[in-house]
Amino acid sequence: HSPRLVDLGLGAASGLAAGVALWAIYQAFVLTSVGVAAPITAVVSGVIPVILDSVTGSPPSRLAATGIVMGMASLILAAWSPGTADLNRGIALAAFAGLAFAAMLLLGAETSAESGLWPLVAQRSVAGALVAAAGLALGNELLPRDTSVKRTAAIGGVFGTLGVGAIYIGFQRATTATVGAVAVAGSMYPAVTVALRWVFDGERLRWWQVVGLAGSLVGVALIAGG
């Protein structure tokens, strides 16, 4: 694939949005908890593209719309867990992170299929540089000293890049009416995180989380069928 300059520019711009979103969501994690911040961020980042689709005259089909509503409601149930600390500020930062992630997704949706994953390379490069610069400005070390933390971060980076790459491919192959549906399906990651923690860490699931996980699967299936 030979990327156009405009596609690389869109990828770089989405990298700026991604860097801001990462800063905001990690701050929200510190102030509240992953269980509080993650679903708020995911819902905001998933709903904004759907709203824009509807406003621009390209609403999703009824089946997909049903899946979107079910998916978003189920996501909150699956990922929500009570938090403490500075709740109001944490929620505000989580919502802001969702807006930034939505900007990242919408910019990625504008890239052409011919560009392949080159815009993703630009995005990851810019986002990484932005986060590194912010860390240095705050006096933090770029690399943690703990080997296990380095390993975990590297593995997370690989899977995070694969996930964003899959979303890019989905956007590039989506029709105008399904861009919002792709964004919602890609925003289901908190539900997956809850399921993985249950499988590998033995974390006890609350009844509403079980309902939410089941609803998330049905919601994604409806989106795919729509």
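**Five residues in an all-helix fold**

Gln27 is partly exposed, because its relative accessible area is 31%, and partly exposed residues fall between the 20% limit for buried and the 50% limit for exposed. The structure in which Gln27 is viewed here is a predicted model. Gln27 sits in helix α1, which covers residues 5-31. A position elsewhere in the chain gives a sense of distance: between the C-alpha atoms of Gln27 and Gly11 there are 24 Å in space, for a separation of 16 residues in sequence.

From this residue the view can be widened to the whole protein. Its secondary structure consists of nine helices and zero strands. Following the sequence from start to end, the pattern reads α-α-α-α-α-α-α-α-α. The radius of gyration is 17 Å, and the globule rule for 226 residues also gives 17 Å, so the protein is as compact as a globular protein of that length. Along the principal axes, the C-alpha atoms occupy a box of roughly 45 × 45 × 30 Å.

How do contacts within the protein divide by sequence separation? Counting contacts with a separation of 6 or more, 88% are between residues 24 or more positions apart. Of the 226 residues, 39% count as buried. The surface left exposed amounts to about 11800 Å², and 71% of that area comes from carbon and sulfur atoms. As for charge, the protein has 11 positive and 9 negative charges, and the mean positions of the two sets lie 5 Å apart.

Two polar residues illustrate the buried part. Ser45 belongs to helix α2, residues 34-55. Its relative accessibility is 3%, so Ser45 counts as buried, the limit being under 20%. A polar atom of the Ser45 side chain lies 3.0 Å from the backbone oxygen of Ala42. Once residues up to four places away in sequence are set aside, Ser45 touches Gly98, Phe101, Ala102, Leu105 and Ser187.

The second of these residues, Gln172, is in helix α6, which spans residues 147-172. Is Gln172 buried or exposed? With 12% relative accessibility, Gln172 counts as buried. The side chain of Gln172 reaches the backbone oxygen of Ser112 at a distance of 3.3 Å. Ser112 also appears among the contacts of Gln172 that remain when neighbours within four places in sequence are left out; the others are Thr111, Ala113, Ser115 and Gly116.

The last two residues have greater relative accessible areas than the buried limit allows: 48% for Glu141 and 78% for Arg62. Glu141 lies in the loop between α5, residues 118-137, and α6. Its value of 48% makes Glu141 partly exposed. Computed along the chain, Glu141 and Leu196 are 55 residues apart, and their C-alpha atoms are 29 Å apart in space.

Arg62 is found in helix α3, which runs over residues 62-79. Arg62 is classed as exposed because its relative accessible area is 78%, and the class begins over 50%. Where does Phe200 stand with respect to Arg62? The two residues are 138 residues apart along the chain, and 37 Å separate their C-alpha atoms.

Conventions. Residues are numbered from 1 along each chain as its sequence is written. This is a predicted model: local features need pLDDT of at least 70, side-chain atom pairs count only at pLDDT 80 or more; totals for chains, interfaces and linings use all residues. Side-chain values use heavy atoms; hydrogens and water are left out. Helices (H or I, at least four residues) and strands (E, at least two) are DSSP runs, numbered from the N terminus. The radius of gyration is taken over C-alpha atoms; the globule rule is 2.2 Å times the number of residues to the power 0.38. Buried means under 20% relative accessible area, exposed over 50%, partly exposed in between (1.4 Å probe, protein chains only). Contact means heavy atoms within 4.5 Å. Accessible areas come from the Shrake-Rupley method with a 1.4 Å probe; for residues, only the protein chains shown count as cover. Lys and Arg count as positive and Asp and Glu as negative; His and the chain ends are not counted. The place of a charge is taken as NZ of Lys, CZ of Arg, CG of Asp or CD of Glu. A polar contact is a pair of N or O atoms within 3.5 Å; within protein, one must be able to donate a hydrogen and the other to accept it, and residues adjacent in sequence count only if both atoms are side-chain atoms.
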